[in-house]
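Trainee: I would like to look closely at one part of this model and then follow its surroundings outwards. Could you take me through it in one connected account?

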Amino acid sequence: MKTLTERANKLENDGIFLGGPVKFFETAGRKQLITLLSKGLTPTSKVLDIGCGCLRGGYWLIHFLDKGCYFGIEPNTEMLDAGLKTLLEPELLNLKTPRFNPNSTFDFSIFEEKFDFIVARSIWTHASKEQIQTMLDEFVISVNPNGMFITSYIKPTLFKREYNNSKWIGISHESNQPGIARHSLSWIWSECRKRSLNVSEIKGHEYNFGNQMWIKIQRD
Ligand SMILES: C[S@@+](CC[C@H](N)C(=O)[O-])C[C@H]1O[C@@H](n2cnc3c(N)ncnc32)[C@H](O)[C@@H]1O
């Protein structure tokens, strides 16, 4: 059996986008799981992974969660299919029955489920402000009363400004061009308050790596 990094290397050699550099592939998935565990994830939690890609984080969640508890949205079906084939052990799909949907409109109700955790790694770092507003609206509809949105973001700086264009920027089902969207915590906070949501950063190297930081969003 190949290691996870060896499997990620194979995906990359096959031309599949990994969601980030191969050297961080294992770290990204492991830290996502650790972050959710630190916020109360249990094997029976229902988890929706937005833009789950080739399952960089999904690999860990599908292993940990009970059957029927993992849901992923990914419009780049080539990327997802390659991850399903190359990363996951063949018997895992039958054992855990993860469910997937390719919608690109951030429709979180497509599975007709309520979620304890909605997670988005490296999604708000490419999404427009309108897309983030849609995700927050969908979160309110699709989350269980004590559920939470765990999403990563990158702050703007003096030289790398707030992203105000109306479209996704970066690799996707529609583009091969890399790109980063930065959104300030004050803008995210104001959008959360309009929906009676609270937001806080999840600080610490045990959860974060690189230039993205996790934030937690929950109902008041
Ligand atoms: C940087 S990758 C991150 C993938 C994954 N979350 C991870 O951490 O490995 C961004 C992902 O968002 C997906 N994506 C792009 N547009 C999307 C949309 N409208 N809805 C959902 N996912 C989208 C891309 O196809 C890609 O898989």
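In which loop does Ser122 lie?

Mentor: The model is predicted, and in it Ser122 lies in the loop between β4 and α6. Its phi is positive, about 55°, although Ser122 is not a glycine. Ser122 counts as buried because its relative accessible area is 11%, which is under the 20% cut-off. A second residue invites the same kind of reading: Leu55, in the loop between β1 and α3, has a phi near 80°, again a positive value in a residue other than glycine. Leu55 is buried too, with a relative accessible area of 0%.

From the loop that holds Ser122 we can go on to helix α6, which runs over residues 129-142. This helix has 14 residues and reaches 20 Å from its first C-alpha to its last, close to the 20 Å expected at 1.5 Å a residue. Its buried residues are Lys129, Gln131, Ile132, Met135, Leu136, Glu138, Phe139 and Ser142, a list in which charged side chains such as Lys129 and Glu138 stand beside Ile132 and Leu136. The cover over these buried residues includes the strands β1 (47-50), β4 (115-120), β5 (143-153), β6 (197-202) and β7 (213-219), together with helix α7 (185-194).

Two charge-over-ring arrangements deserve a look here. The charged end of Lys129, one of the buried residues of α6, sits over the ring of Trp187, 4.8 Å from its centre. The charged end of Arg121, for its part, sits over the ring of Trp214 at 5.0 Å from the ring centre.

Phe139, also among the buried residues of α6, leads to the aromatic side of the picture, where ring pairs link Phe108, Trp124, Phe139 and Phe149 into a cluster. The model has 8 aromatic pairs in total. In one of them, Phe108 and Phe149 have ring centres 6.5 Å apart and planes at 80°, so the pair is edge-to-face. This pair links distant parts of the chain, with Phe108 in the loop between β3 (99-101) and β4, Phe149 in strand β5, and the two positions 41 residues apart. Both Phe108 and Phe149 are buried.

Since β1 is part of the cover over α6, it is worth following that strand to its partner. β1 and β2 pair in the parallel sense over 4 bridges, and the bridge partner of Val47 in β2 is Tyr70. With helix α3 (residues 58-64), these two strands make a right-handed β-α-β unit. β2 also pairs with β3, in the parallel sense over 3 bridges, and there Gly72 stands opposite Phe100. Strand β2 (residues 70-73) is covered on both faces, with Tyr70 and Gly72 on one side, Phe71 and Ile73 on the other, and all four of these residues buried.

For contrast, consider Thr42, placed in the loop between α2 (25-38) and β1. At 33% relative accessibility, Thr42 counts as partly exposed, and its contacts, leaving aside residues up to four places away in sequence, are with Phe64 and Leu65. Trp187, whose ring lies under the charged end of Lys129, is 145 residues away from Thr42 along the chain, and the C-alpha atoms of the two are separated by 31 Å.

How values were computed
Residues numbered from 1 in each chain as written. Predicted model: local features only at pLDDT ≥ 70, side-chain atom pairs only at ≥ 80, totals over all residues. Heavy atoms only, no water. Expected span 1.5 Å × (residues − 1). Buried < 20%, exposed > 50% of the residue type's maximum accessible area, 1.4 Å probe, protein only. Contact = heavy atoms within 4.5 Å. Phe/Tyr/Trp six-rings, centres within 6.5 Å; stacked < 30°, edge-to-face > 60°. Lys NZ or Arg CZ within 6 Å of the ring centre and 35° of its normal. Pairing = 2+ DSSP bridges. Right-handed = clockwise from strand over helix to strand, strands pointing away.
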